[in-house]
Amino acid sequence: MKTQVAIVTGGIKGTGKEIVKQLVDRGVDVVTNFRKDQATADQFLKEFASAKSKVHAFQADLGEEAQVHRLFDYVKEKYGYLNYYIANAAATAFKPLAEIKPHHIQRTFAITVTGFVIGCQRATELMTGQNGKIVAISGYDTHTYLPRHGVLGAAKAALETLVKYFAVELAPYKINVNAVNPGFLATTSTKIYMGEFYESIKKLNEEITPRGHVTDGKEIADVVMFLCSDQANWICGQTIRADGGLSHIQPMALPNH
Ligand SMILES: NC(=O)c1ccc[n+]([C@@H]2O[C@H](COP(=O)([O-])OP(=O)(O)OC[C@H]3O[C@@H](n4cnc5c(N)ncnc54)[C@H](OP(=O)(O)O)[C@@H]3O)[C@@H](O)[C@H]2O)c1
């Protein structure tokens, strides 16, 4: 049987790495990228050097159109086809909207919106005849207020809309497109974003999340694997909220209130 191939953007750490792990466990070859963290990428490649499938990782800034193409060109040259495209990487300038400059908006949307559109176009070309799956990672800033997340939340809301449109337009090609919307994630970007408040906010999230803990991405990867399976073919253009029930909780629903 032909080896299956995946692109997972931003897969050297956090949720992306959990997705890479689960794909590798299923024998899928993975091509991933990072923006600048070469040290973690080196460690990541060491970790997967003796994995049961091949893992490739290189630097490519997905805010640059040419570098999105470079990622897909790599797969085209090496394999000539693609089975899974997981759009996971995201970045923004975490600032109140009053301090946002046009270049912050441009950069955030370049990664999450323009990069995703180009990625889906290139994936379509490589997924022909492969029954391909595209999964985008959104975020809870689309449906709830998160301080300094205004621009990223807007870009992710646009991403969820693109998922619906691509799902319909690519369905005739047997390519399935969906998204996962996580709540709080205990990952590097959260630590950077929350700084000194990280531990206390993590603890609070553990207390208020109905499932009783937070995830470092494993539970998100579980949902991504389901959406990558043929059992999810009838789910088309949906954003699945995977947050352990966090988004149902209002302060008055907390114990002792
Ligand atoms: N963290 C949360 O609480 C949270 C909640 C809901 C949704 N999400 C979403 O879940 C996804 C994963 O988040 P995470 O917290 O797991 O991320 P993470 O651990 O911070 O990892 C992000 C990865 O994306 C890469 N990346 C960032 N900007 C890039 C760019 N311009 N070009 C190429 N690669 C880029 C990073 O590269 P470097 O390693 O080189 O920096 C890193 O490898 C994101 O889409 C995020 O918006 C996160």
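Among contacts in the protein between residues at least 6 apart in sequence, what share joins residues at least 24 apart? In this predicted model, the figure comes to 74%. Burial can be put next to that number: of the 257 residues in the protein, 41% are buried.

As for the overall build, the protein has eight helices and seven strands. Its radius of gyration is 18 Å, close to the 18 Å that the globule rule gives for 257 residues, so the protein is as compact as a globular protein of that length. Measured out along the principal axes would be one way to picture this; the C-alpha trace spans about 55 × 40 × 40 Å.

The strands come together in an open sheet of seven, running β3-β2-β1-β4-β5-β6-β7 with parallel pairing. At the edges stand β3 (55–59) and β7 (239–242); each has a single partner strand, so one side of each is left without a neighbour in the sheet. From one strand to the next, the twist averages 15 degrees. Strands of a sheet pair through backbone hydrogen bonds, either parallel or antiparallel. Here β2 and β3 pair in the parallel sense, over five bridges, and Asn33 has Phe58 of β3 as its bridge partner.

Then there is the ligand, which is surrounded by 31 residues. Gly10, Gly14, Ala90, Gly139 and Ser189 are the closest. Two or more residues of the shell come from each of α1 (14–25), β2 (29–34) and α6 (188–194). By character, the shell around the ligand splits into 12 nonpolar, 14 polar and five charged residues. Strand β2 thus turns up in two places: it pairs with β3 in the sheet, and it gives residues to the shell around the ligand.

Methods:
Residues are numbered from 1 along each chain as its sequence is written. This is a predicted model: local features need pLDDT of at least 70, side-chain atom pairs count only at pLDDT 80 or more; totals for chains, interfaces and linings use all residues. A residue is near a molecule or strand if its C-beta atom, placed from the backbone, lies within 6 Å of it. Helices (H or I, at least four residues) and strands (E, at least two) are DSSP runs, numbered from the N terminus. Ala, Val, Leu, Ile, Met, Phe, Trp, Tyr, Cys and Pro count as nonpolar, Asp, Glu, Lys and Arg as charged, and the others, Gly among them, as polar. The radius of gyration is taken over C-alpha atoms; the globule rule is 2.2 Å times the number of residues to the power 0.38. A residue is buried if 20 or more other C-beta atoms lie within 10 Å of its own, exposed if 12 or fewer, and partly exposed in between; C-beta atoms are placed from the backbone. Two residues are in contact if their C-beta atoms, placed from the backbone, lie within 7 Å. Two strands pair if DSSP finds at least two bridges between them. Axes are lines fitted to C-alpha atoms, for helices over the stretch in contact, and angles run from 0 to 180 degrees between N-to-C directions.
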